[in-house]
Amino acid sequence: MMAEVGLAALWLAASLAALQLLLAWLGVRARAEEPIAFEQTARGVAIVQGGVVALAMAMLIGVFWQSDMSVALVAANSHSAKPWLYKVAGAWGNHEGSMLLWVTILGIAGGAVALFERRLDPRTLIATLGAQGTIALGFYAFLLFSSNPFARLSPAPADGQGLNPLLQDPGLAFHPPTLYIGYVGLSVAFSFAVGALVTRDVGPAFARAMRPWVLGAWIFLTLGITAGSYWAYYELGWGGWWFWDPVENASLMPWLAATALLHSVSVLATRGGLRAWTVMLAVVAFSMSMVGTFLVRSGILTSVHAFAVDPRRGAFILVLLAIYVGGALTLFAARAGTVRAGATFEPVSREGALVLNNLLLSVVLGVVLIGTLYPIVAAGFGVQLSVGPPFFNKAIGPVVLLLVAVMAVGPLLRWRRDAAKAALARVTWPLAAACLAAALLVAGTQMGVLPLLGLAFAIGLAAASVAPLWGRNLLRTPLFTWGMVVAHLGIAVSLAGMACDSSFTEERLVAVRVGEPVRVGPYSMTLRGVSPVIGENWTALQARLDAQRGVDLTALFPQQRFFADPPTTTSESAILTVLDGQLYTVLGQAGDDGRWQLRLWWKPMVTLIWFGGVLIALGGAMALAGHWRRERRAALRARASALWA
């Protein structure tokens, strides 16, 4: 019964999305006094649609919770013996369920816009809700006609095939939803841009309405990428935190576009500039989220992160991508002449630095996009090639260093115009810190050129990040200023972690007998034994490794796990985290001579990579709260003035 209720809810939500689109068409064409009536109806329809699609998602979680094997999706991706967490998270650990989660967040976001947005002109809001309904309608059609999550099996199997063991991790409960919230936030920004173009209302009010959605999307994308990187790092057992996998890139590209959009929309909201550029970036950011959706679900990639293997589904998404992005670009071309020029500024100004920042981000985005798609296109012509870390590191590294330099200088410049000499004086201390760090690293280490410059630039950026606080009353400093400082400091921390990991990591691949010591980094490792253990739905061979550093002794327990449903063997790493890095251990196979293979890494300061990601997201959250508080105070003052008038 739950499956039938969920399917009916999906059909109803699709009908409401179509009604939302119709109301938008009528409301935009209505006479001057009529849009308010259409606005109220459109708000109600969007709110109800969000509730109905949430019901559909709840029904899918319900059939997974109950292990209803008569539902094809449950039988293919779950098992009655699974722990409850993986039953629930398994609802979106597959193609159909992940798409339903995607469209659920989309519907709820549209309902939130309808419920809370009060700043836009009624026509613009109606057009925005119509654009959001159009996006939702396409994905409802995708689910109902090619990826029905509630399809029944007859007869039902006795039990299911189980969830991919690599996905049986708490990360599954956190990583996909955070990414999808980020993707959907960009769809809302896209809808705002389309709505503003339709009604020729591209201005600061539109930007202020869009900004919290862009900032929220950016925060969740940051958290999702950070969590996904760490999940892959400890789960896959190869000791790396980023491999430039096409599906990893699929999440990075929207983040890069969202970062550029975030800076651009802030200029438009506060200074009235970069109007056309902001609209274009909103389209590009949503396009990148659609490209990511296509890559993961088209069947053209073989990756642990990819879901679908049916090219017909990929063709459906490709058609949606062409309709949405092609339509938006056509609208932009038709309306570009009506977008008024924004406020002017000098090249040496904070706006000028933001424009350069956006251009560099666009270059990085272009390189990642080309490097990701080129092997796929080449394969279509029968040419097999691989584009991996060497290409991306060499092509992107120098651009990122220049981007970091601009990021350090930008917040120290004045709005509109600045004097070059005065600006140079403000960056003296950060520049000195970077130069001193580079000199010390050259003298005291054997680092490569790119990691050395990366670490030096990170130190300079850290100094520049806190510079906007110099000479200010910290208690009276706006929260969004603190957010900028913390986010930029997070970039510096992550960059330092990346440079240290690439330069100072020590790896050992050894075969040892029980009791035989081996050294990696500052640790002496001794294998004390290997024994069988049993988990909830797996068995394993578990090693005990004693790690000694000075007088400190710690036991680590890496495993080789065996899952019966589906039959799979996985390596479960054991990681010791200390203040100055991580000791990473993986158990391999036993040899005929009684030796056990071990892979050991000492990774100095690697945790800075993820700590920096958390700081970046925290800075975004502080900025979001700061802007919300300022706008709330402004609204209260306006209301008070109206009462006294």
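**Salt bridges, cysteines and a few odd spots**

Trainee: What is the relative accessible area of Arg528?

Mentor: Bear in mind that we're looking at a predicted model. Buried would need under 20% and exposed over 50%. Arg528 counts as partly exposed because its relative accessible area falls in between, at 46%.

Trainee: Which residue forms a salt bridge with Arg528?

Mentor: The closest N and O atoms of the pair are 2.9 Å apart, inside the 4 Å cut-off. Arg528 sits in strand E3 and its partner in strand E4, so the bridge ties together parts that are 18 residues apart in sequence. That partner is buried, at 7% relative accessibility. It's Asp546.

Trainee: How many salt bridges does a search of the whole structure find?

Mentor: One of them pairs Asp68 with Arg152, at 3.2 Å from N to O. Asp68 is in the loop between H2 and H3, and Arg152 in the loop between H6 and H7, so this pair ties together parts that are 84 residues apart in sequence. The whole-structure total is 13.

Trainee: Which residue forms a salt bridge with Arg416?

Mentor: Arg416 lies in the loop between H13 and H14, and its partner is in helix H12, 65 residues apart. The closest N and O atoms are 4.0 Å apart. Arg416 counts as partly exposed at 28%, while the partner is buried at 1%. The partner is Glu351.

Trainee: How many disulfides are there?

Mentor: A disulfide needs two cysteine sulfurs within 2.5 Å. The sulfur of Cys435 has its closest cysteine sulfur in Cys500, 19 Å off, which is too far for a bond. As for cover, Cys435 is partly exposed at 47%, whereas Cys500 is buried at 8%. The disulfide count is zero.

Trainee: How far apart should the ends of helix H1 be?

Mentor: H1 runs over residues 2-29, which makes 28 residues, and the rise is 1.5 Å a residue. The expected span uses one less than the number of residues. In the model the end C-alpha atoms are 41 Å apart, which agrees with the expected 40 Å.

Trainee: Which residue is joined to Ser154 by a cis peptide bond?

Mentor: Look at the loop between H6 and H7. Omega there is about 0°, which marks the bond as cis, and the residue joined to Ser154 is Pro155.

Trainee: What is phi of Met605 near?

Mentor: Met605 is in the loop between strand E10 and helix H18, and it counts as partly exposed at 27% relative accessibility. Its phi is positive, in a residue other than glycine, and is near 60°.

Trainee: About how much area does the nonpolar surface patch with Tyr374 have?

Mentor: Tyr374 lies in helix H12 and counts as partly exposed at 48%. That clears the 30% cut-off for patch members. Together with Ile370, Val377, Phe381, Val383 and Leu385, Tyr374 makes a patch of about 620 Å².

Trainee: Where in the chain is confidence highest?

Mentor: The chain averages a pLDDT of 89, and 96% of the residues score at least 70. Helix H14 is lowest, at a mean of 83. The highest mean, 96, belongs to strand E8.

Key. Residues numbered from 1 in each chain as written. Predicted model: local features only at pLDDT ≥ 70, side-chain atom pairs only at ≥ 80, totals over all residues. Heavy atoms only, no water. Patch = residues over 30% accessible without salt bridge, like charges linked within 9 Å, V, L, I, M, F, W, Y side chains within 5 Å. Areas by Shrake-Rupley, 256 points an atom, 1.4 Å probe, with all protein chains shown as cover. Salt bridge = Lys/Arg side-chain N within 4 Å of Asp/Glu carboxyl O. Helix = DSSP H or I, 4+ residues; strand = E, 2+ residues; numbered from the N terminus. Buried < 20%, exposed > 50% of the residue type's maximum accessible area, 1.4 Å probe, protein only. pLDDT = per-residue confidence, 0-100.
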